[in-house]
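Got the model open in your viewer? Here is a short tour of its charged pairs and its enclosed spaces, stop by stop.

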Amino acid sequence: MSEPSNKNGKPTVIGVYGIQGSGKTTIIRHLRHHLDDIFVFFEGSGVIAQILPIEAFKNKDDQEKHVIRCECISRIQKKCETEEKIGIVDGHASFFSKEDKKSFPVYTDKDLEVYTHIIYLCPDISTIFERRKNDLRRNREHLSIECLQQWQTEELTLLRKICRENGILLKAVKSPEPLQEVLALVRDFAEHNEAVNLERAKKMLDAALCDSVETVFVFDGDKTLAPMDASEMFWAETPAGVSPVSEALTISGPTQVEYSYKAFRQICLLYEEAAEDVNYEKACRESAKKVKMHQELVDVIKRASSQNHTCVIVITAGNRRIWELVLQSQGLAGIQVIAGNRLKDGYVVSKDVKTSLVQHLRKKNLFVVSFGDSPLDLGLLKEANNAIVVVGPEDVRSKKMKFELQKALDNDDGCFSKIGQLLLGTETPLDCSPLPIINLDESLEVWFCRRVRVIIADEMPAKFLMTPTRDKRFSGKALYNEFSRIGGYLGTHHLTKFIGLEKYEIPHVQGNMTDGYRMSEKSTTIIAVMRAGLPVAIGVWETMPRATFHLSWRVADCQDRILGDQSTIIVADAVINSGGTIAEYVKAIREKNRSARIVVVAGVIQEDAVFDKNGRRAYLSMELGHLDVTIVSLRISANKYRGSGHVDTGNRIFNTPHII
């Protein structure tokens, strides 16, 4: 950890709260010892003393004390902003009046504006009582166990309310030995933000994918895979027996967003508290036993899991461990569950995260079929190629979904590619238009068909390499060289993943023999689609010089003797427009060699050739999806312009714009 992660203009300020005797001083001393210099520490009375002597402060009336406290927290905020550090404050929310037998708040509105997190120390009252009794250094007023319990309960209740209303994340720490837990919390609060959260979720998603995947089935969990909410069952296993989640979802603040990152982070902290009160694993197992998945969806998942070109991901804001156990009970233990409800998960799944993860899959040109049931899933549905609204029994389905979905459909700008509702356990559909009832058996035939795999180069190298090819000042040999560089880059960075490497012995510069690596070039043919494909093919050939190289002006050039016994066939072109030419080559190759790995390498592809849109399958997917082909390209283009004359790629490369 090298710098504060909060870059939104508001510094991270963490309050360490608790009634007197809860252990704040010890905790702060521990944190000072273990944290690095991006943290700055403040003790409430110490900041007051910078303004006026403590005895003078005690003699002020309540209004004057309030003003001074506001000035103190303002100074703390300014120091954190100026020095770009994370503040940790030893603070107080209330004091207790023995005479009135009740607590009274001492926090200010400025406190609620400045604090981003509060850690509340609430060990057992008997522990606090003994600490106060044995603390001879402080002259603390004697309070009975009953008074201390009342004070702690009232203060924590107060903090839960004001933190929720002001967008402050709160974690109550109940352990009598909380040093390591508080240290972990502070480090987590310091490094966690929405950007970090999303990147961690994407990393989990990427880990669940393999190169052969073409279609991804994305499922929400609660009330989608099953008619019940597994999280509610978990909270029923806790001592309180009620779910605090609904209140946490309403966490406010200046940027209140329903189902927000901040709301789910608070829910995560509530799960951490629950884990201190119950056997967490046991509670999850008991909850999982009560979850009965829709058999129709179990069958879809089993079919998808059995094929190497399809993949199933569960993306849920619910309880990760419960859903892992539920899937395991159905023989689906290998399904990746993207969910975060404990700090160790490293991330949470909000409405925006669901949306972003489906967008992430689409950017990989994967065909996405999404299943959801609630407003939380609208982004997940909208960004998919096919969206399925799961409609369960009326007594358990989302009460808001009909209205929120209709609003989204009314405002749709064409982003909902194809959407329908799937009735499970009910005969009463959602009365939304247009939202047809889908036939699962008919839809499965579309969802499970093969699609062309498209691999696109990373954005930064693509921008760098494509620039000269779009610069009208480049032509002739200079442009030829640029397309050759593109072929070499795609060969080195992407073909190695499909063709693989073989080990061979080389003489080391120090005189001994050592291992070298090259692509498995034997039984590989590179076909240059003439003319513009020649430099790209040459660039690929330079990465695998032992491969067979073939120039082709037309499909008929691809003879049996060239392709029949090859294990890998690479077709190279500079630009793919409609995809018609490439489709002809792939079909001809597959007729002559049914088992070869076919890879198309291109500098640029027109997006309509490969991207499914508005429920319509892309041309190459329709033509080649059943032929097992991979396309590797530097970039995708939305430009439908077909070049001619001086803008035709082949003419530019070979200086022939005058030839018609």
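A salt bridge here is a side-chain nitrogen of Lys or Arg within 4 Å of a carboxyl oxygen of Asp or Glu. Keep in mind that what you are looking at is a predicted model. Across the whole structure, a search turns up 36 salt bridges.

**Stop one: R265 and D188.** Select R265 and D188 and show their side chains. They form a salt bridge, with the closest N and O atoms 2.6 Å apart. R265 sits in helix α12 and D188 in helix α8 (residues 179–191), so this pair ties together parts that are 77 residues apart in sequence. Buried or exposed: which is R265? With a relative accessibility of 4%, R265 counts as buried. D188 is buried too, at 8% relative accessible area.

**Stop two: K171 and E276.** Now pick K171 and E276, whose side chains meet in a salt bridge at 2.9 Å, N to O. K171 belongs to strand β7 (residues 169–173) and E276 to helix α12 (residues 261–277), so the link joins parts that lie 105 residues apart in sequence. Toggle a surface on and look at the two ends: K171 is buried, with a relative accessible area of 1%, whereas E276 is partly exposed, at 31%.

**Stop three: E191 and R200.** Move on to E191 and R200, another salt bridge, where the closest N and O atoms are 3.3 Å apart. E191 counts as partly exposed at 33% relative accessibility, and R200 does as well, at 28%. Next, select E281, R285, R320, R321, E324 and D345 together: salt bridges that share partners join them into one network.

**Stop four: the cavities.** Time to hide the charged pairs and look for empty space. How many cavities of 30 Å³ or more does the search find? There are 3.

The largest has a volume of about 80 Å³. To find it, select its lining: K223, P227, D373, V389, V390, V391, G392, V396, R397, S398, M401 and L430. Strand β12 (residues 386–391) supplies the largest share of that lining, 3 residues. Colour the lining by residue type and you get 7 nonpolar, 2 polar and 3 charged.

For the second largest cavity, which holds about 40 Å³ of space, select F264, I267, C268, Y271, A317, G318, G340, N341 and V349. The same colouring gives 6 nonpolar and 3 polar residues in this lining, with no charged ones.

How values were computed:
Residues numbered from 1 in each chain as written. Predicted model: local features only at pLDDT ≥ 70, side-chain atom pairs only at ≥ 80, totals over all residues. Heavy atoms only, no water. Helix = DSSP H or I, 4+ residues; strand = E, 2+ residues; numbered from the N terminus. Buried < 20%, exposed > 50% of the residue type's maximum accessible area, 1.4 Å probe, protein only. 1 Å grid on protein atoms, 1.4 Å probe; cavity = no way out; pocket = protein on both sides within 12 Å on 5 of 7 lines; lining within 4 Å. Points joined across faces, edges and corners; volume = space filled by probe spheres on them. Nonpolar A, V, L, I, M, F, W, Y, C, P; charged D, E, K, R; others polar.
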